Amino acid sequence: MLSIYNTLTRKKEEFKPINPPYVNMYVCGPTVYDYFHIGNARSFIMSDIIRRYLEYKGFDVKFVMNLTDVDDKIIKKSNEEKKDAGAIADLYIKAFFEDIEKLKIKKADLYPKATAHMQEIIGLIKKLVDKGFAYNVDGNVFYDVSKFEKYGKLSGKNLDELISGARIEINEEKKNPLDFSLWKKAKEGEPYWESPWGNGRPGWHIECSAMSCKHLGETFDIHAGGNDLIFPHHENEIAQSEAANGKKFVNYWIHFGFLNINNEKMSKSLGNFFTAREILKLFSAEAIRLAFAQTHYAGPLNFSDELLASAEKGLEKLNNLADKVDEEIKKNNTTGNVPAFEFNKFKNDFENAMDDDFNSPQACAVIFDFVREVNRAIAENENISSKFFLDVKEFLQNTAEGVLGILDFSKSTVSSNDSISEDLINLLIKLRIDAKKEKNYALSDKIRDELNKLGIILQDSKEGTAYKRTKK
Ligand SMILES: [Zn+2]
C-alpha cells in the first residue's frame, strides 16, 4: 500500500487515485528568465522519482509541468538585456529542456505555457468576477480572499496569522492586504493581452489554476512543488480553483524541502548560488540524483561538494557491478551454477521503502545492500550461470535505473563499442609500444588519444599496457 504525506491534511494517507490506473499529476514548473538553480533541480528530480515510482507500480501517470513564460522577472530581464520578452522566455525554455535531459528527468506529457492559455486564464478570472470572488479596480483584477472561507487551509493559518507573517506590498487598490492579482493592467512597454478589463497580463497564481484544470480536470490527484510555494502560490491556486469550480481542487499535495549550500541559504548575494548547468559540468547526473535521493524529499537537504563526491563514490560500486553483469551476460553461460539469492526480499524491501511516502533514502540503502550481497555471491561461487546475472540486471534496471535514475546500463563499458575488437586494440597497443621504443612519442600519444576518443582507455603500468572500455 502506497502512502503519501499530504500537506493539506498534515498526515500520511493511503494513495487512492480518482480513476485508477490513471493518475493526474501537476508540478509547478520554472519561470523561464534564467537557468534553473540546483534548488529547482531538487524539485524536478524528486517529482521525477515520484512519477517513475507511480509508473513502476503500474499507474498510468499524466504528468503536467507548466512553463511560466510571462512574468515580472522575464520583463525585467528583457528590459535589462534590451531583448523581446518572448525571446528571453524562448531562450530559457530551450535551456530548461537541455538541462532536464542531462539530469535524466523523464519528459512530462505536457509543458503548457501561460502565453498559450490566455483564453482559459481570462475565462477563469471572469468566472471568479461573476461569482463575486474577484473585483476589478481600474483594470487591475484582485482575488478577494475574505470571500473564500477556507483561505489558509493548506498553510494551516488563519487570515490574521497570514497577514502578520507575510511580506505584503502596500497597495491601496486592494480591499485586504492578502488579496492578490489575477489580472495586471499593462504598463508602458510591457507585453499585454486584451481582456474584458482592458489590456494586461495574468498574475502568476491564476496560470496554474487555469492550466491544471484544462489539462487534468477540475479535481485531480497530485499537485507538487517546492515548500516555498505552499504560501501564497498553492494557497492561492486552491482559492481560485475551488471558488470557480465549486469542487475540491487537489487530493494530495506534495512539497519538497529546502536546499541549503554548506549549511547556508543559497543566494546570489552570498555567492553560493549554483545553476544545475554549473553542477552538471562537475558531477554526473546520476551522482546528483543519488545525492538528492539519499535525503527524503520533504526534509531539508544540505548540498555540498562532499555530498556529491560521496555519491560519485557510491555509484562506482554500482557501476562496477553493472559492468560485471553485462560482461557475464555476454558470455552466455548456460551450464553454470545459479547461486541461491533472495531477489524477492530485495524487491519487497525496495517497494516497502518507496511505498512509505517515497522513502528514497531507504530505497537507496536497499540498492547498496543488494550490490554488496551480489558481490558476495559472486565471490563465493564459481562458474556462475548467465541466468543469475540476467536476474541481477533485471532488478537493477527496474529499481536503480528505472525508478531512481542513478544507473544507466546504456553507458555500460561492455555493451558499447563492441565494434573495435580486442585483437585490433592489442595490435594498436603493440604499435604504440614500438613507437615509444623509437622515441616517437607524438605517434604513441596519438594512438592513445585516438583510442580514448573511441572510448578505449589505455592504462600503462609496470606490467605493461592494459585497456578499459568506457561509455560510448
Ligand atoms: Zn504553480
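Q: What covers the buried residues of helix H2?

A: In this predicted model, the cover over the buried residues of H2 includes helix H3 (85–102) and strand S8 (200–202).

Q: Which residues of H2 are buried?

A: The general idea comes first. An α-helix has 3.6 residues a turn, so residues three or four places apart point the same way. In H2, which runs over residues 72–81, the buried residues are Ile74, Ile75, Lys77 and Ser78. Their arc around the axis is only 165 degrees, which puts them on the same side of H2.

Q: Which residues are exposed on the other side of H2?

A: Lys76 and Glu80 are exposed there.

Q: What is found at the two ends of H2?

A: At the N-terminal end, Asp71 acts as a cap, with a side-chain oxygen 2.8 Å from the backbone nitrogen of Lys73. After H2 comes Lys82, whose phi is positive, near 50 degrees.

Q: How many ångströms should helix H13 span, and how far apart are its end C-alpha atoms?

A: The expected value rests on a rise of 1.5 Å a residue. For the 19 residues of H13 (residues 386–404) the span should be 27 Å, and the end C-alpha atoms are 25 Å apart, which agrees.

Q: Where does H13 bend?

A: The bend is at Gln397 and amounts to about 35 degrees.

Q: Which helices do the buried residues of H13 pack against?

A: The buried residues of H13 include Phe388, Phe389, Val392, Phe395 and Leu396, and also Lys393 and Glu401. The buried residues of H13 pack against helix H1 (38–56), helix H9 (285–293), helix H10 (305–331), helix H11 (343–355) and helix H12 (360–380).

Q: Which residue caps the N-terminal end of H13, and which residue follows H13?

A: Ser385 is the cap: one of its side-chain oxygens lies 2.9 Å from the backbone nitrogen of Lys387. Gly405 follows H13 and has a positive phi, near 70 degrees.

Q: Is Glu351 in helix H11 buried or exposed?

A: The test is a cut-off: a residue is buried when its relative accessible area is under 20%. Glu351 lies in helix H11, and its relative accessibility of 18% means that it counts as buried. Neighbours within four places in sequence aside, Glu351 is in contact with Tyr53 and Tyr56.

Q: In which sense, parallel or antiparallel, do strands S9 and S10 pair?

A: Strand S9 (residues 220–226) pairs with S10 in the parallel sense, over six bridges. Within this pairing, Gly226 stands opposite Phe256 in S10. Strand S10 (residues 250–256) is mostly covered, with seven of its seven residues buried.

Terms used
Residues numbered from 1 in each chain as written. Predicted model: local features only at pLDDT ≥ 70, side-chain atom pairs only at ≥ 80, totals over all residues. Heavy atoms only, no water. Buried < 20%, exposed > 50% of the residue type's maximum accessible area, 1.4 Å probe, protein only. Helix = DSSP H or I, 4+ residues; strand = E, 2+ residues; numbered from the N terminus. Arc of directions from axis to C-beta. Contact = heavy atoms within 4.5 Å. Polar contact = N/O pair within 3.5 Å; in protein donor to acceptor, adjacent residues only side chain to side chain. Expected span 1.5 Å × (residues − 1). Bend = angle between axes of the 7 residues up to and from the residue. Pairing = 2+ DSSP bridges.
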